[in-house]
Amino acid sequence: MEEQVFDVFARKNRGESLTHIGYLSALTPELARVYAWKTYDEENWFEMCIVPRDQIIPVNRTDGPFAGAALTGPGRVDQGGRG
Amino acid sequence: MNVLDPGLPHHPEPARQAFRRLLLGMADTKRILGIRYSDWLLGAPSIEAGIAASSMAQDEWGHARLLYATLKDFGADPEALEHDRHENAYASWDPLDEPLPDWAWVTATMMVVDGGLSVALEGILEGAYEPLQGRMQKMLGEEEFHEALAEAWFTRLASSQGEGRVHLKSAVEAVLPATLSCLAPGDEAHAVLAEEGLFPGAEALRSRLAARLDPSLSHLGMSVPLEVALDEGWDSTRGRGPGHPGLEAVERARGDRNRALFVE
């Protein structure tokens with residue numbers, strides 16, 4: 001079983017937007033959940049969520065940390081926007 | 001019967017002593033467990049696992065401090081309990097007497113010993129001693145993450161076909177019987193607690209531990225035994241088997257080396 005990268009999002013108060021606060025590696029989503037809560041514990045978070053990085057679909061970039069799951073084919077939006 | 005009063009002043013002395021034994025055993029177990037977890041800040045399978053171990057160590061030390069402070073209501077001096085006791089007086093559960101040799105052992109300890117402590121916390125929470133209820137809720141909230149980590153690693157190691165599974169099974173076989181004895185001894189002091197409605201009886205506690213652990217233990221073809229005979233040499237004063245945690249751990253728990261330098 002390979003480790004997966006998970007991105008961590010959190011907000012301090014109800015009504016605020018979730019903010020990307022970091023990432024981690026874990027073997028399973030359940031381990032990632034615990035690691036996220038225990039690693040990013042510098043704030044008293046109102047809400048924290050994790051997302052498997054390979055489930056993030058980049059919209060306008062083909063490079064950078066989230067490019068791994070770039071769509072190919074008809075759904076693809078090429079870098080550079082609408083031109 | 002007024003159970004709102006700290007220290008159970010309206011209960012018979014044997015019940016007060018038995019409740020004191022229960023709290024001290026849990027406090028000492030959490031303190032030594034914290035030390036055993038802290039050893040794995042470095043050397044865990046990943047940086048994230050090490051951080052989680054370190055965080056759990058902090059949780060356990062915080063819980064221990066709360067429980068030691070509670071013992072003041074039972075006539076004890078928390079300062080003396082934390083810093084001035086001989087290792088023979090420690091009532092921590094037997095499986096923590098020695099350092100945890102590998103991550104499989106850490107996983108078995110998280111699952112069985114830490115899980116057993118949570119069953120004990122739940123037992124106190126539902127008992128008649130109300131002064132502790134709020135603190136127990138907070139501790140159990142933190143323990144949810146210990147349980148999630150234990151289950152994830154347990155499943156991971158148990159489903160492997162290699163050395164990890166063999167080590168995990170050996171560790172569970174080593175820690176489970178003594179954990180059951182310490183959690184649910186069913187001796188005279190325990191019977192008094194159950195009669196007074198302060199803590200569940202032995203059968204109920206063993207069943208609860210089984211309900212908690214058996215889904216995971218089944219991956220190893222194991223289950224929690226519902227009958228356990230106390231070891232010869234059972235120490236009814238401390239509520240544990242003979243022996244004590246290693247001196248090195250007790251010295252760290254007491255803060256021996258540096259306390260002499262920095263504390264008046």
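**Two helices in chain B, a sheet in chain A**

In chain B, H1(B) and H4(B) are roughly antiparallel to each other, a term that applies to angles over 145 degrees. This is a predicted model, in which local features need pLDDT of at least 70 and side-chain atom pairs count only at pLDDT 80 or more, while totals for chains, interfaces and linings use all residues. Residues are numbered from 1 along each chain as its sequence is written, and chains are lettered from A in the order in which they are written.

Helix H1 (residues 13-38) of chain B packs against helix H4 (residues 103-126) of chain B at about 155°, with the axes 11 Å apart; these axes are lines fitted to C-alpha atoms over the stretch in contact, and angles run from 0 to 180 degrees between N-to-C directions. Helices here are DSSP runs (H or I, at least four residues), and strands likewise (E, at least two). The contact, which requires C-beta atoms placed from the backbone to lie within 7 Å, involves B:Met26 and B:Leu33 among the residues of H1(B), and B:Val113 and B:Leu117 among those of H4(B).

Turning to chain A, an open sheet of 3 strands follows the order E2-E1-E3 with antiparallel pairing, where pairing needs at least two bridges found by DSSP. E2 and strand E3 (47-52) of chain A stand at the edges, each with a single partner strand, so one side of each lacks a neighbour in the sheet. The twist averages 25° from one strand to the next. H1(A) packs on this sheet, touching E1, E2 and E3 of chain A.

Conventions:
Angles under 35 degrees count as roughly parallel, over 145 as roughly antiparallel, 65 to 115 as roughly perpendicular and the rest as oblique. Two residues are in contact if their C-beta atoms, placed from the backbone, lie within 7 Å.
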